[in-house]
Amino acid sequence: MKLAVITGSVREGRFGPTITRWFTEHARQHGLFDVDVVDLADTTLPLELPGTPERLFDVDGRPEDLRRLAARLEQADAYVVVTPEYNHSFPASLKHLIDWHPIQWQAKPVALVSYGGYGGGVRAAEHLRQVFCEMHAVTIRNWISLDQHWTRFDAEGRLMDPEGPDGAAKAVLDQLGWWSTVLHEARLATPYQA
């Protein structure tokens, strides 16, 4: 299965890449997934969305870098979204990515890894569930929430107390593996119609 792990924060001094590296290491060791890391700080989506659905769906008419990004998302069988919580929700960079790619998520599973303050990004994760539902994606039940994330990792980006988060990562990957396999087979048998 092809797994796209998306780093959602583009903020200066962001912590997201540290959490993405930790999770990606688990995903690669899990054995089911071929992992592709999509860092939104490295993408250049225009601020203006196309004015009609037809133009938004026309990926072939986009510049080369935007076609490559859409292809990476299209080729994924599953997604993991690593999101901080900013102002009680997820960052605008994630919403912009989702809105630019309305069909790539369809009939595919999404796992969430949230982080932030005392709530661990729970509100960001719950808001993303609503958005992905509208995109015809399936957010899986298990997710990872890292509260006070800045206290959990050492200077080299290693978890100082890994037992709980590492167990949560395995549970998420196991569940994501089941959903990605089942939905992949379903899409092959019957193409999804939104």
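In this predicted model, a right-handed β-α-β unit is built from strand S1, helix H1 and strand S2. H1 takes up residues 16–30, while the two strands, S1 at residues 2–7 and S2 at residues 34–39, run parallel and are held in register by six bridges. One of the paired positions is Leu-3, whose bridge partner in S2 is Val-35.

S1 also turns up in the largest nonpolar core, a set of 27 residues. Ile-6, Tyr-79, Val-81, Leu-97, Trp-105, Leu-128 and Phe-132 have the most contacts inside this core. Besides S1, the elements that put in two or more residues are H3 (64–75), S3 (78–84), H4 (92–100), S4 (109–115) and H5 (122–134). H5 is the top contributor, with five residues. As for Val-81, if neighbours within four places in sequence are left aside, its contacts are Ile-6, Leu-94, Val-110, Ala-111, Leu-112, Val-113, Leu-128 and Phe-132. Apart from this core sits another one, made of 23 residues and including Trp-22, Val-82, Val-172 and Leu-173.

Back to H5: Ala-124, Ala-125, Leu-128, Arg-129, Val-131 and Phe-132 are its buried residues. The cover over them includes S3, H4 and S4, along with the strand S5 at 138–139. The helix length checks out too, because 13 residues at 1.5 Å a residue should span 18 Å, and the end C-alpha atoms of H5 are 19 Å apart. Just after H5, the backbone at His-136 adopts a positive phi of about 65 degrees.

How values were computed:
Residues numbered from 1 in each chain as written. Predicted model: local features only at pLDDT ≥ 70, side-chain atom pairs only at ≥ 80, totals over all residues. Heavy atoms only, no water. Pairing = 2+ DSSP bridges. Helix = DSSP H or I, 4+ residues; strand = E, 2+ residues; numbered from the N terminus. Right-handed = clockwise from strand over helix to strand, strands pointing away. Core = buried A, V, L, I, M, F, W, Y, C linked by side-chain atoms within 4.5 Å. Buried < 20%, exposed > 50% of the residue type's maximum accessible area, 1.4 Å probe, protein only. Contact = heavy atoms within 4.5 Å. Expected span 1.5 Å × (residues − 1).
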